[in-house]
Amino acid sequence: MSNTPNNGIPYAQEGTLDPAASLNQALDTADALLQLEVQAIQNDPPASASDGDRYLVATGTGDWAGKDGQLARYVADPGYWQFLPAKVALNKADGLLYVKASSGWQIANRPATLPQITGDTSSDLAGVVTQMLGALDGVLWDNQVS
């Protein structure tokens, strides 16, 4: 069975006697990926999870080992973690938007470090603004990887 190119949603398998099974799997995957909001970004699964809970895997350990950078979604019946690709997600734990970068999950629209503003900020507003704009030039989505 093949998947859609952008989100990896499984296509319904051709020639199957029960098309509902593969269609339901595709709908479940679409549900997991649309309007992506996660509980948190963490390395290992929580002690307890509810059906549909989603997390971003940082550096996977335990049941999440080898799943770095993926979306982990809990499926209560029969009780397992489903792993999916994700590029952007809102983290409920801190209210920030994250993007997938080559170094892992990072806050969107924010560079790893901001340079120090130098000079007399009380009298040189134009100089301070110029430094700030220079520091933020090209930051918006430059660190995103596909």
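I began at the C-terminal end of one sheet, where strand 7 (residues 96-101) and strand 8 pair in the antiparallel sense over 4 bridges. A hairpin of 2 residues joins strand 7 to strand 8. I note for the record that this is a predicted model.

**Strand 7 and its partners**

I looked up the residue pairs between these strands. Val-99 stands opposite Gln-106 in strand 8, and Tyr-98 has Ile-107 in strand 8 as its bridge partner.

I then turned to strand 6, which pairs with strand 7 in the antiparallel sense, over 4 bridges. Here the bridge partner of Leu-90 is Leu-97 in strand 7. Strand 6 and strand 7 also form a hairpin, with 4 residues between them. I checked the turn and found that Gly-95 has a positive phi of about 75°.

**The sheet with strands 1, 6, 7 and 8**

I traced the strand order next. This open sheet has 4 strands in the order 1-6-7-8, and its pairing is mixed. Strand 1 (37-38) and strand 8 (104-107) are at the edges; each has a single partner strand, so one side of each lacks a neighbour in the sheet.

**The other sheet**

I found a further open sheet of 4 strands, ordered 2-3-4-5, again with mixed pairing. Its edges are strand 2 (41-42) and strand 5, each with a single partner strand, so one side of each has no neighbour in the sheet. Strand 2 pairs with strand 3 (residues 54-57) in the parallel sense over 2 bridges. Within this pair, Ile-41 stands opposite Leu-56 in strand 3.

**The whole chain**

I stepped back to the protein chain, which has 2 helices and 8 strands. Along the sequence I read the pattern α-β-β-β-β-β-β-β-β-α. Of its 146 residues, 29% count as buried. I also looked at contacts between residues at least 6 apart in sequence: 33% of them join residues at least 24 apart. The accessible surface is about 9300 Å², and 50% of that belongs to carbon and sulfur atoms.

**Nonpolar cores**

Which residues make up the largest nonpolar core? I listed 12 residues: Ala-32, Leu-33, Leu-36, Val-38, Leu-56, Leu-71, Leu-84, Ala-86, Ala-89, Tyr-98, Trp-105 and Ile-107. Helix 1 (19-33) and strand 8 are the elements that give two or more residues to this core. A second, separate core has 7 residues, among them Ala-40, Trp-64, Tyr-74 and Trp-81.

I followed Leu-71, a member of the largest core, through its contacts, setting aside neighbours within four places in sequence. Leu-71 touches the core residues Ala-32, Leu-33, Leu-36, Val-38, Leu-56, Leu-84 and Ala-86. The list of contacts for Leu-71 also includes Arg-54, Tyr-55, Gln-82 and Phe-83.

**Trp-81**

I picked Trp-81 from the second core. Trp-81 lies in strand 5 (residues 80-84), which is an edge strand of its sheet. Is Trp-81 buried or exposed? I found a relative accessible area of 15%, and Trp-81 counts as buried because this is under 20%.

I set aside neighbours within four places in sequence and listed the contacts of Trp-81: Pro-45, Pro-46, Ala-49, Asp-53, Tyr-55, Trp-64, Ala-72, Arg-73 and Tyr-74. Of these, Trp-64 and Tyr-74 belong to the second core as well. I also checked Asp-53, which is 28 residues from Trp-81 along the chain. The C-alpha atoms of Trp-81 and Asp-53 are separated by 9.6 Å.

**A surface patch**

I ended on the surface, with a nonpolar patch formed by Val-88, Leu-90 and Leu-97. Together the three residues have about 180 Å² of accessible area. Val-88 lies in strand 6 (residues 88-91). Its relative accessible area is 31%, so Val-88 is partly exposed, falling between the cut-offs of 20% and 50%. I had already met Leu-90 and Leu-97 as bridge partners, so I place this bridge pair within the patch.

Definitions and conventions. Residues are numbered from 1 along each chain as its sequence is written. This is a predicted model: local features need pLDDT of at least 70, side-chain atom pairs count only at pLDDT 80 or more; totals for chains, interfaces and linings use all residues. Side-chain values use heavy atoms; hydrogens and water are left out. Two strands pair if DSSP finds at least two bridges between them. A nonpolar core is a set of buried Ala, Val, Leu, Ile, Met, Phe, Trp, Tyr and Cys residues joined through side-chain atoms within 4.5 Å. Buried means under 20% relative accessible area, exposed over 50%, partly exposed in between (1.4 Å probe, protein chains only). Contact means heavy atoms within 4.5 Å. Patches are made of residues with over 30% relative accessible area and no salt bridge: like charges are joined within 9 Å, nonpolar side chains (Val, Leu, Ile, Met, Phe, Trp, Tyr) within 5 Å. Accessible areas come from the Shrake-Rupley method with a 1.4 Å probe; for residues, only the protein chains shown count as cover. A salt bridge is a side-chain nitrogen of Lys or Arg within 4 Å of a carboxyl oxygen of Asp or Glu.
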